[in-house]
Amino acid sequence: PTRRSSDLRDLKPQNLLVDKAKDILKIADLGLGRAFTVPVKSYTHEIVTLWYRAPDVLMGSRTYSTPVDIWSVGCIFAEMATSRPLFAGTSESDQLKRIFKTLGSPIQQHYPGLVELPDYNRDPEIMQYSPPRSFSDVVPRIDGIGLSLLEEMLAYDPLRRCSAADAMKHEYFNANIASKV
């Protein structure tokens with residue numbers, strides 16, 4: 001069966017419209033948006049503004065779905081807290097290098113499909129081991145609960161990234177909504 005939904009593919013701060021008075025968020029500029037089907041079809045990797053592009057897409061994955069959007073949301077979340085892009089790469093390889101230097105090099109144990117990606121190890125220098133930095137050092141203005149959510153959104157393996165529904169149920173939103181009341 002075919003399921004239709006928005007498959008945004010270009011989530012970035014410039015495409016988000018916020019009405020603070022009404023607590024409404026709208027997504028604009030759906031130029032790269034397309035419906036997706038189940039099973040997921042194969043697409044080009046020329047999607048998503050570079051700074052918000054998931055590493056699986058940067059390494060050539062042509063089969064993807066909403067987890068690439070969750071990665072973008074994670075990048076935006078961190079940017080909202082720091083007022084600067086989390087990974088401001090200048091090219092695809094520079095983008096991967098910046099991701100790996102922050103999150104640590106991906107390992108097959110945490111991302112079983114890693115070595116099967118078409119551009120995995122395209123540049124062996126990028127794939128040299130780099131240890132992860134502490135999220136609390138990278139995004140110090142987000143509390144521990146928020147960092148937990150960020151980690152779930154920025155999981156290397158798209159199958160391990162939280163869904164939008166799971167993100168909305170995360171303790172971060174409950175704790176922050178309670179503090180607003």
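Six salt bridges were found in a search of the whole structure, which is a predicted model. Side chains of opposite charge can pair when their charged atoms come close.

One of these pairs is formed by the side chains of Arg 53 and Glu 92, with a distance of 2.9 Å from N to O. The two residues belong to distant parts of the chain and are 39 residues apart. Arg 53 is located in the loop between strand E2 (24–27) and helix H1 (55–58), whereas Glu 92 is part of helix H3, which covers residues 92–103. Arg 53 and Glu 92 are both buried. The pair is also part of a network of salt bridges, in which Arg 53 and Glu 92 are linked with Arg 122.

A salt bridge within a single helix is found between Asp 94 and Arg 98, both of which lie in helix H3. Their closest N and O atoms are 2.8 Å apart. The two residues are separated by four positions in the sequence, or about one turn of the helix. Their accessibility was computed for each residue. Asp 94 has a relative accessible area of 18%, so this residue counts as buried, the limit being under 20%. Arg 98 has a relative accessibility of 36% and is therefore classed as partly exposed.

Helix H3 also contributes Lys 97, whose side chain meets that of Glu 125 in a salt bridge with an N to O distance of 3.7 Å. Because Glu 125 lies in the loop between H3 and helix H4 (135–138) while Lys 97 lies in helix H3, the pair ties together parts that are 28 residues apart in sequence. Glu 125 counts as exposed because its relative accessibility is 51% and the class begins over 50%. Lys 97, with a relative accessible area of 28%, is partly exposed.

The structure was also examined for enclosed empty space. Rolling a probe the size of a water molecule over the atoms shows where empty space is left. One cavity of 30 Å³ or more was counted. The volume of the largest cavity is about 40 Å³. Its lining consists of Met 59, Leu 96, Asp 119, Asn 121, Arg 122, Asp 123, Ile 126 and Met 127. By residue class, the lining of the largest cavity is made up of four nonpolar residues, one polar residue and three charged residues. Arg 122 appears in this lining and also in the salt-bridge network with Arg 53 and Glu 92.

How values were computed: Residues are numbered from 1 along each chain as its sequence is written. This is a predicted model: local features need pLDDT of at least 70, side-chain atom pairs count only at pLDDT 80 or more; totals for chains, interfaces and linings use all residues. Side-chain values use heavy atoms; hydrogens and water are left out. On a 1 Å grid over the protein atoms alone, a cavity is a set of points where a 1.4 Å probe fits but cannot get out, and a pocket is an open set with protein on both sides within 12 Å along at least five of seven lines; lining residues have an atom within 4 Å of a point. Grid points are joined across faces, edges and corners, and a volume is the space filled by probe spheres set on the points. Ala, Val, Leu, Ile, Met, Phe, Trp, Tyr, Cys and Pro count as nonpolar, Asp, Glu, Lys and Arg as charged, and the others, Gly among them, as polar. A salt bridge is a side-chain nitrogen of Lys or Arg within 4 Å of a carboxyl oxygen of Asp or Glu. Buried means under 20% relative accessible area, exposed over 50%, partly exposed in between (1.4 Å probe, protein chains only).
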